[in-house]
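This briefing goes through one protein model by topic. Please keep the sequence and the structure at hand while reading.

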Amino acid sequence: MSLKPYYRALGNTGLALSPLGLGTVKIGRNQGVKYPAGFALPDDNAVRNLLAQAHDLGINLLDTAPAYGKSEERLGPLLKGQREQWLICSKVGEEFIDGQSSFDFSAAHTRYSIERSLKRLGTDYLDMVLVHSDGNDMAILHQTDVYPTLLALKAEGLIRAIGFSGKTLEGGIAALQDGDCAMVTFNLNEQGEQGVLDYAAAHHKGILIKKALASGHVCLQDGQDPVQASFELILRQPSVSSVIVGTITPAHLSHNVTTACQVLARLS
C-alpha cells in the first residue's frame, strides 16, 4: 500500500501532499498533551525507522512546531540528506518551555522563530508555516504583525506557503483570505469548522486536518473501525489536502495508511 497515487494539491500553491501527514509532537514532547494514555519519547533509532517507514508508505509531509518540545531539534539531524523527500510544515506563535505554553505573535518573535526553525531543521526554507493560535484567532489576525511578517518571509523565499492553525470558524475563514491554507480540527466528534473547509473549496485554498482521530479518543469508541469511519468522513471533503496523524507506533502508522488507501480507492 502506498499513498503516492493519491497525492492532493495544497490549494493553488503548487505543492502536492500525501493525504496523510506524519505529526511529530510525540517525538519531542510528552508533557501537557491530551492523549488517552501516557507515552515515552522514542529514541533516535525508533524515529529514524518511523521516518523510513512513512516514506516507504508514500507519506511526504512532516508536521512539527517549536511548541512540540524537541521535535524540530531531533528531526534536523535525522533528515540530513533527505530534504528533497519531504515537505516540512512548522509553526510560529507558541512556545513550550518547562511544561508551560506561552504565545508571542510579534514581528520580531515571528522572524526569530522562523530563523530558529530553519537552523534546527537544517534547511534554508520551510514548505509551510502556520500560526499556532492561542484561541483568540481574530485578534491575532487583525491586531498583531504575525501574518504580515510571514507574508514578508514568504516573499523572501524562506517559506513556500503560509497558513493558520486556529480554533474558530471565523478565524479559519479570515486566515484563508490572505493565507494559502488552514489547519482545522475535524473529526467524528467535532465538525464545527465545516465552514472553513467549504470556504477553502470555493477559493482554491488548502486544508490540513488536525485531531482527525480526536487525539486518539475516537479509537476508544465501539462499533465500526474508528480510523476507517474518520477517514471516510474527512477524505471525501474536496478541500482537504492532508490529514495529520501523530503516531509513533509502526503498526498504527501502517494501519492508518492501509485504511486511507482503501478509502481513497473507493473515492477515486
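The points below cover the barrel, the helices, a hairpin, a pocket and a cavity.

The model is predicted. Its sheet is a closed barrel of 8 strands with parallel pairing. The structure also holds 1 cavity of 30 Å³ or more, and its second largest pocket has a volume of about 220 Å³.

**Barrel**

- The strands of the closed barrel run in the order 3-4-5-8-9-10-11-12, paired in the parallel sense.
- From one strand to the next, the twist averages 30 degrees.
- Helix 3 packs on this sheet, where it touches strand 5 (87-92), strand 8 (126-132) and strand 9 (159-165). The direction of helix 3 makes about 145 degrees with that of strand 5.
- Helix 5 (residues 146-155) lies across strand 5, strand 8 and strand 9. Relative to strand 9, helix 5 runs at about 160 degrees.
- One of the parallel pairs is formed by strand 10 (residues 181-185) and strand 11 (residues 206-210), over 5 bridges. In this pair, Ala-182 stands opposite Ile-207 of strand 11.
- Strands of a sheet pair through backbone hydrogen bonds, in either a parallel or an antiparallel sense.

**Helix 2 against helix 3**

- The axes of helix 2 (residues 71-78) and helix 3 come within 7 Å and cross at roughly 40 degrees. The two helices are therefore oblique to each other.
- Helix 2 makes the contact with Glu-72, Glu-73, Leu-75 and Gly-76, and helix 3 with Ser-117, Arg-120 and Leu-121.
- By class, the residues of this contact are 2 nonpolar, 2 polar and 3 charged.

**Hairpin of strand 6 and strand 7**

- Strand 6 and strand 7 (residues 100-103) pair in the antiparallel sense over 4 bridges.
- Ile-97 stands opposite Gln-100 in strand 7.
- The hairpin has 2 residues between the strands, and Asp-98 takes a positive phi near 55 degrees.

**Second largest pocket**

- The volume of the second largest pocket is about 220 Å³.
- This pocket is lined by 15 residues, and those closest to its centre are Gly-28, Gly-69, Lys-70, Phe-96 and Ile-97. Ile-97 is thus named twice: it lines this pocket and stands opposite Gln-100 in strand 7.
- Strand 6 (94-97) and helix 3 (107-121) are the elements that give two or more residues to the lining.
- The largest share of the lining, 3 residues, comes from strand 6.
- By class, the lining of the second largest pocket divides into 3 nonpolar, 5 polar and 7 charged residues.

**Cavity**

- The largest cavity has a volume of about 40 Å³.
- Its lining consists of Leu-22, Gly-23, Thr-24, Ile-27, Val-47, Leu-50, Leu-51, Leu-75, Thr-247 and Ile-248.
- Two or more residues of the lining come from each of strand 3 (20-23) and helix 1 (44-56). Helix 1 gives the most to the lining of the cavity, with 3 residues.
- The lining of the largest cavity has 7 nonpolar residues, 3 polar ones and no charged ones.
- Leu-75 lines this cavity and also belongs to the contact of helix 2 with helix 3.

How values were computed: Residues numbered from 1 in each chain as written. Predicted model: local features only at pLDDT ≥ 70, side-chain atom pairs only at ≥ 80, totals over all residues. Heavy atoms only, no water. 1 Å grid on protein atoms, 1.4 Å probe; cavity = no way out; pocket = protein on both sides within 12 Å on 5 of 7 lines; lining within 4 Å. Points joined across faces, edges and corners; volume = space filled by probe spheres on them. Nonpolar A, V, L, I, M, F, W, Y, C, P; charged D, E, K, R; others polar. Pairing = 2+ DSSP bridges. Axes fitted to C-alpha atoms, helices over the stretch in contact; angles between N-to-C directions. Parallel < 35°, antiparallel > 145°, perpendicular 65-115°, else oblique. Contact = heavy atoms within 4.5 Å.
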